[in-house]
Amino acid sequence: MYEKTFPNKRFKHTLEFLQKHIKTSESILDLGVENPFSKIMKEAGYTVKNTTGEDLDLDQNVFKSDKQDVVTALEIFEHLLNPFTILNEIKSDKLIISIPLRLWFSPAYRSKTDMWDRHYHEFEDWQLDWLLEKTGWKIIDRQKWTNPVKKFGIRPLLRSFTNRYYIVYAEKI
């Protein structure tokens, strides 16, 4: 992961958003295996527990056995076939989700070598909002940002002003 590029801008925005809404005294269940951003959260003073690589589409036992104050789902929901079930199973009262937004000028991401590194969903913002509403979450705050790349061409130009990432802070109703 991140062999050639490190998403500094995304990590900066995500950490600032997290710090705006979540106290370091609150425990976090970060969906997905430990990754560079979970390490950044720990360095910022958060207590973070990651899932262990289980297929969350099929196995939601982590939500039954362990209640943390906050669940973070950072760049993971696009990989799941059924995020509806997961959102229903979360017992925590606070949730932070970030997703890559669907880009009309680019197909959904699909790694040919890593079965876990594929996007089943590339959401539009309203789709994630509706999913949260249907599963009993109230959106308190949201942000979007672009992800410009240092390349020439039509798609790189479009990326300079088209929002690519969407992050939401929600609370259980």
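**Salt bridges and a buried serine**

K144 is partly exposed, with 38% of relative accessible area. This lysine is a good way into the predicted model, because K144 pairs with D125 in a salt bridge whose closest N and O atoms are 2.4 Å apart. In total, the structure holds 7 salt bridges; here are some of them, followed by a look at S92.

**D125 and K144**
- D125 sits in helix α5 (residues 125–134) and K144 in strand β5, so their salt bridge ties together parts that are 19 residues apart in sequence.
- Like its partner, D125 is partly exposed, at 24% relative accessible area.

**K20 and D141**
- K20 and D141 form a salt bridge, with 2.9 Å between the closest N and O atoms.
- This pair links distant parts of the chain, 121 residues apart: K20 belongs to helix α1 (residues 8–21) and D141 to strand β5 (residues 137–146).
- K20 is exposed, with a relative accessible area of 53%, whereas D141 is buried at 16%.

**E34 and K42**
- E34 and K42 also form a salt bridge, and their closest N and O atoms are 2.6 Å apart.
- E34 is partly exposed at 42% relative accessible area, and K42 is partly exposed at 36%.

**S92 and its surroundings**
- You will find S92 in the loop between α4 (83–89) and β4 (94–100).
- S92 counts as buried because its relative accessibility is 3%, and buried means under 20%.
- A polar atom of the S92 side chain lies 2.5 Å from the backbone oxygen of Q68.
- Leaving aside residues up to four places away in sequence, S92 touches K67, Q68, D69, V70, V71, W137 and K172.

Conventions. Residues are numbered from 1 along each chain as its sequence is written. This is a predicted model: local features need pLDDT of at least 70, side-chain atom pairs count only at pLDDT 80 or more; totals for chains, interfaces and linings use all residues. Side-chain values use heavy atoms; hydrogens and water are left out. Helices (H or I, at least four residues) and strands (E, at least two) are DSSP runs, numbered from the N terminus. Buried means under 20% relative accessible area, exposed over 50%, partly exposed in between (1.4 Å probe, protein chains only). A polar contact is a pair of N or O atoms within 3.5 Å; within protein, one must be able to donate a hydrogen and the other to accept it, and residues adjacent in sequence count only if both atoms are side-chain atoms. Contact means heavy atoms within 4.5 Å. A salt bridge is a side-chain nitrogen of Lys or Arg within 4 Å of a carboxyl oxygen of Asp or Glu.
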